[in-house]
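Trainee: Could you take me closely through one helix of this model and then show me what lies around it and beyond it?

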Amino acid sequence: MKFSCDKSILAKSTDTVSKSINPNNPIEILKNMKIEVSDKVVFTGSDSEISIESELEAEVYEPGKILVDSRIFFDIVRNLPEGKVELFTSDNNELKIVCHSSKFNILYLSADGYPETEKLEDGDNIRIYSKNLKEIIRNTAFAVSDDESRPILTGTYFEISKSSLKAVSIDRSKLALINQIIPETEFSNMSFVVSGKVLNDISKILKDDSAIVDIKIKDNNAMFSFDTFTIITRLLEGEFIDYKRIIPSQTNLKLKINIKNFREMIERASVIINYDNPKIPVILNIENSSINVGCISKFGDFNESIEVDMNGGELKIGVDSRLLLNSLKCVPDDFAYFEFTNEQGPFLIKPLEGSTYLYMGMPMKIKNQKEVKNMEFLKINTPFIKLDQLLKFTGVSFDGAEAKYYIISGRVKVNGETETRRGRKLFEGDVVKLDDNTEFKVQNNVY
């Protein structure tokens with residue numbers, strides 16, 4: 001095997017393919033990168049989630065196929081001087097890498113037994129501009145769940161209808177939704193879920209330009225093709241949350257906010273919070289056409305107000321500063337609507353016109369909020385109580401709609417297991433645990 005190419009091309013392909021190689025993979029052969037030379041040069045890396053192929057622009061002298069240790073090869077290539085690099089094998093199982101006066105000899109392995117990458121030759125095809133896909137991933141990634149007990153939520157849900165693409169990520173406390181126009185497809189109702197980790201890897205490779213990315217979906221696999229790269233991944237299996245059911249159709253308070261000014265206020269509040277505990281809420285006090293942002297930590301406090309266009313009554317609500325900042329950083333507009341249901345219900349960030357994006361979050365408890373009732377001596381006259389009834393009865397949820405969201409979004413566990421059925425019957429001995437570690441135990445009809 002022998003070929004040569006420019007160091008910059010070699011480094012780019014090696015760096016990209018390395019993203020799919022896990023050095024701790026229990027399958028020994030998958031710790032390596034495959035180099036295959038025929039009429040072209042192709043580098044391949046693979047693990048259980050993703051396979052990446054990169055085709056290099058190179059001069060081919062002799063065909064061949066080998067495996068090299070991905071970490072060693074990557075470190076060698078990135079430290080080479082700029083210029084032409086020659087790579088060729090010798091009879092003693094060594095790969096020689098030569099660039100100017102720099103010479104490396106490393107051992108290689110036979111490529112026999114390395115799994116072949118099965119490209120999707122047919123299937124459902126979607127096309128999207130590289131910059132648009134990169135933006136979609138960037139603006140939904142923060143809302144992808146890291147809860148491995150619900151694998152389907154560790155990915156982003158894509159919904160395709162003709163020339164419309166919708167991307168949704170959701171976890172227990174937040175939701176991100178992007179609507180994007182794409183080149184016309186033949187699909188009227190197509191959906192799939194791609195791992196958030198895989199999408200982040202893809203985003204790092206995508207350019208911020210108008211190049212076309214071809215996406216093929218077949219069976220339970222997806223293939224992304226662009227530039228000189230082909231990425232193949234398995235889709236996540238399972239039923240995604242019916243996100244439309246948990247987005248409130250009506251709100252009681254609407255603010256028109258200056259995104260830059262409001263984001264900078266939250267960033268200033270975060271300085272005090274982050275030196276103590278990032279879980280401390282920022283408190284939004286909304287009244288008299290102004291919004292006051294405040295927080296208190298053991299290191300001090302912060303307070304600042306700005307005027308806003310306001311439609312609705314007064315409200316005091318606690319919000320996770322990290323959730324709010326992540327959402328605000330994704331808003332491309334100078335102004336947007338900030339909408340609220342009530343002090344315990346979800347809040348929304350929406351564009352002034354259209355529906356290109358929507359960010360939703362759940363509030364945090366603040367000290368002067370209505371506390372959860374002490375249920376220690378409360379008796380009921382039925383043999384069981386339903387889960388949503390318990391949340392309303394204890395004051396965790398304001399009404400049935402909020403209880404439904406609380407449960408569907410995976411914030412409640414029953415006997416240690418996440419429970420998403422709001423009608424789940426609770427009997428004596430059942431333990432209900434909320435995401436803030438509040439627990440209720442059903443015991444002799446006493447909570």
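Mentor: In this predicted model, the buried residues of helix α3 are Ser130, Asn132, Leu133, Lys134, Ile136, Ile137, Asn139 and Thr140, a list in which Lys134 and the two Asn residues stand beside Leu133 and the two Ile residues. The helix, which runs over residues 130-140, is thus mostly covered, with eight of its 11 residues buried, where buried stands for a relative accessible area under 20%. An α-helix has 3.6 residues a turn, so residues three or four places apart point the same way. Among the buried positions, Leu133, Ile136, Ile137 and Thr140 can be followed along the helix with that spacing in mind.

Leu133 leads on to the interior, for it is one of the residues that line the largest cavity, together with Ile126, Ile128, Phe158, Ile160, Leu165, Phe192, Ile215 and Phe224. That cavity has a volume of about 50 Å³, and a search of the whole structure finds two cavities of 30 Å³ or more. Strands β11 (124-129) and β12 (155-161) each supply at least two residues of the lining of the largest cavity.

From here one can turn to the nonpolar cores. In soluble globular proteins, nonpolar side chains tend to be buried together. The largest nonpolar core holds 96 residues, of which Phe73, Leu95 and Phe262 touch the most other members, and its largest share, seven residues, comes from α6. Leaving aside residues up to four places away in sequence, Phe73 touches Leu10, Thr14, Met33, Ile35, Phe43, Val68, Leu87, Leu95, Ile97 and Ile106. A second, separate core has 19 residues, including Ile152, Val168, Leu177 and Leu348.

Helix α6 also has a place beside a sheet, which is best described strand by strand. Four strands form an open sheet in the order β22-β21-β20-β24, paired in the antiparallel sense, and its edge strands, β22 (300-307) and β24 (315-319), each pair on one side only. Neighbouring strands of this sheet are turned against each other by 15 degrees on average, with direction ignored. Strand β21, which covers residues 290-297, pairs with β22 over eight antiparallel bridges, and Gly294 has Asn303 in β22 as its bridge partner. Helix α6 (residues 259-274) packs on this sheet, where it touches β20 (282-287), β21 and β22, and the direction of α6 makes about 170 degrees with that of β22.

Note on methods
Residues numbered from 1 in each chain as written. Predicted model: local features only at pLDDT ≥ 70, side-chain atom pairs only at ≥ 80, totals over all residues. Heavy atoms only, no water. Pairing = 2+ DSSP bridges. Axes fitted to C-alpha atoms, helices over the stretch in contact; angles between N-to-C directions. Contact = heavy atoms within 4.5 Å. Core = buried A, V, L, I, M, F, W, Y, C linked by side-chain atoms within 4.5 Å. Buried < 20%, exposed > 50% of the residue type's maximum accessible area, 1.4 Å probe, protein only. 1 Å grid on protein atoms, 1.4 Å probe; cavity = no way out; pocket = protein on both sides within 12 Å on 5 of 7 lines; lining within 4 Å. Points joined across faces, edges and corners; volume = space filled by probe spheres on them.
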